[in-house]
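Morning, everyone. I have one structure to show today, and two places in it to talk through. Here it is.

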Amino acid sequence: MGDQAFKKGTYVEVTSDEEGFRGSWYIAKIIERPKLNEFLEVEYKDLVMEEDAQKKLRDRVHLSYVRPLAPAGNVGDVIKVNDAVEACLRDGWWSGVVHEDLGDGKVFLVYFDDPPHKMMFDRSDLRLHFDWVAGKWEKPPNKVITPHTTGSAQSIHTPSTLHASLSNSHQTPKSIPTQTKASATQSRKLANLDVVGALDESTLQQSMDDLRKMENEWRKRVAGLHF
């Protein structure tokens, strides 16, 4: 498969190595593949321009930041603690590690490195992570999460509380400046606000309270299965 996976018109996933965005992948279509050139012209599937929300963002990216569409996996795939996964969040897929199973394989707490934080996800919003290596997919080894690893993690959020915090901050995740490389970088920052920085103290406290309520409810439901 290799480089042949990156033909014009093909859908791929694009990442970035910038701090705060490492491990995130966005679906895009290759609209131009110049010959003897290591850069691709792509159009993102879910990111749009700030000046005109009807126009999708276009960008010029290096081949090293592009991979084919990741394996979708199967509904029956078992996800366990310490598995490398990708979570569907903010119009992309974010790489993390399962820290805890909160609901009998239905709800998971996922740890992310950049920036260090943890979030809860339903099983339907997770898929197993695979690395694209030398033209083929490889499953990476599990990563053991220890108290030392998560010591710098700021807080735990759910996608719903994160969405509320973004609304309160008057930021628009799909707000994209222009088609230039610099503006594309800025657009990713707007589309992927720092999970911790986007929350003020009161919102953070509310998020934690909501999380405790959800955890208690899940524990009651799981305990009820044994009666």
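**Arg67 and its partners**

Start with a polar contact: the side chains of Arg67 and Glu13 are joined at 2.7 Å. Keep in mind that this is a predicted model. Glu13 has company. The side chain of Arg67 also makes a polar contact with the side chain of Glu86, at 3.0 Å.

Where is Arg67 placed? It sits in strand S5, residues 66-68. Is Arg67 buried or exposed? The cut-off for buried is under 20% relative accessible area. Arg67 has 2%, so it counts as buried.

Now the surroundings. Leaving out residues up to four places away in sequence, Arg67 touches Phe6, Val12, Glu13, Trp25, Glu86, Arg127, His129, Phe130, Trp132 and Trp137. So look at that list with the two polar contacts in mind: Glu13 and Glu86 are both on it.

Next stop, the pocket.

The largest pocket has a volume of about 230 Å³. It is lined by 15 residues, and the closest to its centre are Ser95, Gly96, Val97, Asp113 and Lys143. Which elements give two or more residues to that lining? Strand S7, residues 92-101, and strand S8, residues 107-112. Strand S7 gives the most, with four residues.

What about the chemistry of the lining? By class, the largest pocket is lined by seven nonpolar, four polar and four charged residues.

To recap: Arg67 is buried, and its side chain has polar contacts with the side chains of Glu13 and Glu86. In the largest pocket, strand S7 gives the most to the lining. Over to you.

Definitions and conventions: Residues numbered from 1 in each chain as written. Predicted model: local features only at pLDDT ≥ 70, side-chain atom pairs only at ≥ 80, totals over all residues. Heavy atoms only, no water. 1 Å grid on protein atoms, 1.4 Å probe; cavity = no way out; pocket = protein on both sides within 12 Å on 5 of 7 lines; lining within 4 Å. Points joined across faces, edges and corners; volume = space filled by probe spheres on them. Nonpolar A, V, L, I, M, F, W, Y, C, P; charged D, E, K, R; others polar. Buried < 20%, exposed > 50% of the residue type's maximum accessible area, 1.4 Å probe, protein only. Polar contact = N/O pair within 3.5 Å; in protein donor to acceptor, adjacent residues only side chain to side chain. Contact = heavy atoms within 4.5 Å.
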